Amino acid sequence: MNAADGVRRERLSWRLDRMAEFGARPDGGVNRQIYSDADRAARGELNRWAADLGLELYTDPIANQFFRLVPEGADPRLPPVVTGSHLDSQPTGGRYDGVYGVVAGFEAVAALIESGAEPKRPIEIVAWSNEEGSRFAPGCMGSMCFAGARSVADLADITDRDGLRLQDELDKTLASHPQMHERGFGLPVRAYVELHIEQGPVLEKLGKPIGLVRGIQGCRWFNVTVEGEARHAGTTPLALRRDALRAAVGYIDELQQALEDPDDVIRFTVGRFDVSPNAPNTVAERVGFSIDLRHPDDAVLEAAAARIGAILSLERGGCRATCERIFDHAPVQFDPDLFAAIGDEGRALDLACETLMSGAFHDALFMADHCPTAMIFVPSQDGISHHPSEFTALSDLYDGARLLTRVLEKVAGP
Ligand code: GLV
Ligand code: MN
Ligand code: MN
């Protein structure tokens, strides 16, 4: 039996529905923040699925989860082929971003086991910790640590909005799944293949079920803090104020104008804005905001980052800004051989494929520095993501999982 024929729509759909229960929002979306109770419960469900399939369970110091299949006759000393994505979501998350890649990994491994396929390498499903970075910024922490770009010690003191420390929340998560075997970062990997929803409009517009992803555009994140002075709103004349909120709004407006791109390729986003003390009758003393900056050309990204630095270095309305770069990755091009192999398998399944670049970042961004890496996309309805209405048709989810199964079988041997 061809392993891809063993992929079962109903099981894939059931697993996605099940995962959407953890952190479910009343509007049908998902809010599953990293190292939260909902995240721990979702991790527990993966552990049960893995145990049912007879997989080995591993974790590491940032609580990435790995589920390892050593097929009959495979050599356990060979570096594994790894597939997966992430379980954490945006606060306004949908039911597919990240979790689809993990669930499809389980479906592919189940199909491989049931078909009696005998690849010569181990196959692992991974659920990376904190891809989104919405509770503890930046994102991609799990893959970043695995690939050696940052250390856990480096990230330990980052706090969430409630002042909770990353290391404390991480420790709670590690302690909640004592049945997992511990292992370190940076283990050799033969290949990493990540299956994900596109999160954009291209595939749907072209009517194609599969995206062959060439690479991922570059990204920088900054934390900006604007310092002013708290004063009484009723008694302090405007001329005497150092209003951090007015200054922050002015900076953002100027940045937006300075980075205007007639081709609409540059992506500049301020998505977090925190005011202190956040009281109607006190002039704002401090404002913190985030900048998410992306472009496929690293030189453009670097020039834009320099503009941001220059604008924020100038005092505004008596207030000063500081700007910390907390995330930085150049654009990546995926491994050409793996990219070609995925295209071959797609054609063998008679699936119409389109080559495209990813506007979103993914853990594949960091894995590309560690091992041959590539990604597969399936369409997103209306290109919507990071929103509860995120949707991909089951037929597309099924095709993506079948293609993933074939790719894993091929790359893992015989
Ligand atoms: C991933 O979630 C991204 O922001 O691109
Ligand atoms: Mn994602
Ligand atoms: Mn996302």
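Here are four short exercises on a predicted model, each with a worked solution.

**Exercise 1. Find which protein atoms hold the manganese ion (ligand 2), and where the donors sit in the chain.**

Step 1. Start at the metal: the manganese ion (ligand 2) is coordinated by His86 (NE2), Asp97 (OD) and His196 (NE2), at 2.0 to 2.2 Å.

Step 2. Now read along the chain, where these donors follow the spacing H-x10-D-x98-H.

Step 3. Place two of the donors: His86 lies in strand 3, while Asp97 lies in the loop between strand 3 and helix 3, so the pair ties together parts that are 11 residues apart in sequence.

Step 4. Check accessibility against the cut-off for buried, which is under 20%. His86 has 0% relative accessibility and therefore counts as buried; Asp97, with a relative accessible area of 7%, is buried.

**Exercise 2. Work out which residue bridges the manganese ion (ligand 3) and the manganese ion (ligand 2).**

Step 1. List the protein donors of the manganese ion (ligand 3): Asp97 (OD), Glu132 (OE), Glu132 (OE) and His386 (NE2), lying 2.1 to 2.6 Å from the ion. Their residues are spaced D-x34-E-x253-H in sequence.

Step 2. Compare this list with the donors of ligand 2, which include Asp97. The bridging residue is Asp97, and the two ions lie 3.6 Å apart.

Step 3. Look at where the donors come from. Asp97 is in the loop between strand 3 (81-86) and helix 3 (99-115), and Glu132 is in the loop between strand 4 (123-128) and helix 4 (141-146), so this pair ties together parts that are 35 residues apart in sequence. Glu132 is buried, and so is Asp97.

**Exercise 3. Describe how helix 3 and helix 12 pack.**

Step 1. Two packed helices are described by the angle between their axes and the distance between the axes.

Step 2. For helix 3 and helix 12 (residues 394-411), the angle is about 55° and the axes are 9 Å apart. The two helices are therefore oblique to each other, and their crossing is right-handed.

Step 3. Find the contact residues: helix 3 contributes Tyr100, Ala104 and Gly105, among others, and helix 12 contributes residues including Leu397, Gly400 and Ala401.

**Exercise 4. Decide how many disulfides the structure has.**

Step 1. A disulfide needs two cysteine sulfur atoms within 2.5 Å. A search of the whole structure finds zero.

Step 2. Try Cys323: the nearest cysteine sulfur, that of Cys219, is 13 Å away. Cys323 is partly exposed, at 35% relative accessibility.

Step 3. Try Cys371: the nearest cysteine sulfur belongs to Cys140, 14 Å away. Cys371 counts as buried, at 8% relative accessibility.

Methods: Residues are numbered from 1 along each chain as its sequence is written. Chains are lettered from A and ligands numbered from 1 in the order in which they are written. This is a predicted model: local features need pLDDT of at least 70, side-chain atom pairs count only at pLDDT 80 or more; totals for chains, interfaces and linings use all residues. Side-chain values use heavy atoms; hydrogens and water are left out. Donors are N, O and S atoms within 2.8 Å of the metal (3.2 Å for Na, K and Ca); water is not among the atoms, so sites may look incomplete. Helices (H or I, at least four residues) and strands (E, at least two) are DSSP runs, numbered from the N terminus. Buried means under 20% relative accessible area, exposed over 50%, partly exposed in between (1.4 Å probe, protein chains only). Axes are lines fitted to C-alpha atoms, for helices over the stretch in contact, and angles run from 0 to 180 degrees between N-to-C directions. Angles under 35 degrees count as roughly parallel, over 145 as roughly antiparallel, 65 to 115 as roughly perpendicular and the rest as oblique. A crossing is left-handed if the near helix is turned anticlockwise from the far one by less than a right angle, and right-handed if clockwise. Contact means heavy atoms within 4.5 Å.
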